Amino acid sequence: MVERHNKKVGIYVRLSKEDARMGESVSIENQKAMLIKHVKDNKHNGWILVDVYCDDGFSGTNQNRPALQKMFEDIRCGNINLVLIKDLSRLGRNYLEVGNFAEVFLPQHGCELVSLSEKMDEMMVFRNWFNEQHSRETSKKVKTVKRMCAQNGKFVGAYSPYGYAKSEDNKHLLVPDEIAAATVRRIFELRAEGLGHKAIAVRLNESGTLPPRDYYYSKKPANKSQALKRKNFEEIS
């Protein structure tokens, strides 16, 4: 009778902002569901799910991902001996680093790589290269769109600067936030009077004016429970 060797499986899933635009097909939950089902379907082959490593919101060009690094450590320690992924692009979009991981690091530690949608064959290096080129082209397109928006006077930042707010009708249009704008004007007035940064901060604290970060969260009731380290203007002056 042939002895069956258990496969200690580690599932790795990743989703970046660029991937999210592709829809539900590459969502974190969709990846997990498919891969967990695949492990269950191979239970008779000795597959045992050990852990699911999830990097949500991380670009494939960034290898310093917390879940990926934890998986590396578990491979070194022998906690898992099979890595299951949806496709090679989940591991990353740098063909040299992905190739080194698949062809050098994993064999050195007796770990197998299984992709649900791709064969681990001699064409793997080309697929890695295409993944990297796709990432570069996507990055260029995003930068081009942002540059065009800026040239046309459209705001493209995630957060509006202190003293302004995004228009409710157009997220690319900044409008004055009258409460914060009044504080900004007060700061300019005090500076024009000759007061230094520390003195201005003291004046604002004495009047009970919220510093920018506290003011930002004060307008978001659902986030009031978040711990705020900056308590007053003096600490950020």
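Strands β3 and β4 run parallel to each other and are joined by 4 bridges. Within this pairing, L84 sits opposite V114 of β4. The model under discussion is predicted, and the pairing of its strands is a convenient place to start reading it. On its other pairing, β3 (residues 82–85) meets β1, again in the parallel sense, through 3 bridges. Here V9 faces L82 of β3, and G10 has V83 as its bridge partner. Strand β1 also pairs with β2, and these two strands run parallel with 9 bridges between them. One position along that pairing is K8, which stands opposite I48 in β2.

How do the side chains of β3 divide between the two directions? L82 and L84 point one way, V83 and I85 point the other way, and all of them are buried. This fits a general pattern, because side chains in a regular strand alternate between the two faces of the sheet. Strand β1 is likewise well covered: 7 of its 9 residues are buried, so the rest of the structure largely encloses this strand.

The nonpolar interior can be followed from here. The largest nonpolar core contains 19 residues, and M71, I75, V83 and L91 are the members that touch the most others. Elements that each supply at least two residues to this core are α3, β3, α4 (88–91) and α5 (95–108). The surroundings of L91 give a closer view: setting aside residues up to four places away in sequence, L91 touches Y12, Q63, R65, L68, M71, I85, V98, F101 and L113. A second core, separate from this one, has 11 residues, among them V13, L15, I28 and V114. V114 is thus a member of the second core and also the residue opposite L84 in the β3–β4 pairing.

Charged residues offer a further set of details. The structure holds 10 salt bridges, and one of them links K7 to E112, with the closest N and O atoms 3.2 Å apart. K7 belongs to β1 (residues 7–15) and E112 to β4 (residues 112–115), so this pair ties together parts that are 105 residues apart in sequence. Neither partner counts as buried under the 20% limit: K7 is partly exposed at 27% relative accessibility, and E112 is partly exposed at 35%.

A salt bridge within a single element is found between K70 and D74, where the closest N and O atoms are 3.3 Å apart. Both residues lie in helix α3 (residues 66–76), 4 residues apart, or about one turn of the helix. K70 is partly exposed, with a relative accessible area of 42%, whereas D74 counts as buried at 12%. Salt bridges with shared partners bring D51, K70 and D74 together in one network. Another salt bridge joins D87 and R90, with the closest N and O atoms 3.5 Å apart, and both of these residues are buried.

What does D55 contact, given that this residue is buried yet has no salt bridge? D55 lies in strand β2 (residues 47–56), and the nearest side chain of opposite charge, that of R65, is 4.6 Å away. That distance exceeds the 4 Å cut-off, so the pair is not a salt bridge. The side chain of D55 instead takes part in a polar contact of 2.6 Å with the side chain of Y12, and it reaches the backbone nitrogen of A67 at 3.0 Å. Leaving out residues up to four places away in sequence, D55 touches Y12, V13, R14, L15, I28, R65, P66, A67 and L68. Among these neighbours, V13, L15 and I28 are members of the second core, while Y12, R65 and L68 also touch L91.

At the level of the whole protein, the secondary structure comes to 9 helices and 6 strands. Buried residues account for 32% of the 237 residues. Of the contacts between residues at least 6 apart in sequence, 61% join residues at least 24 apart. The K7–E112 salt bridge, linking parts 105 residues apart, is a handy example of a long sequence separation to look up in the model.

Definitions and conventions: Residues are numbered from 1 along each chain as its sequence is written. This is a predicted model: local features need pLDDT of at least 70, side-chain atom pairs count only at pLDDT 80 or more; totals for chains, interfaces and linings use all residues. Side-chain values use heavy atoms; hydrogens and water are left out. Buried means under 20% relative accessible area, exposed over 50%, partly exposed in between (1.4 Å probe, protein chains only). Lys and Arg count as positive and Asp and Glu as negative; His and the chain ends are not counted. A polar contact is a pair of N or O atoms within 3.5 Å; within protein, one must be able to donate a hydrogen and the other to accept it, and residues adjacent in sequence count only if both atoms are side-chain atoms. Contact means heavy atoms within 4.5 Å. Two strands pair if DSSP finds at least two bridges between them. A nonpolar core is a set of buried Ala, Val, Leu, Ile, Met, Phe, Trp, Tyr and Cys residues joined through side-chain atoms within 4.5 Å.
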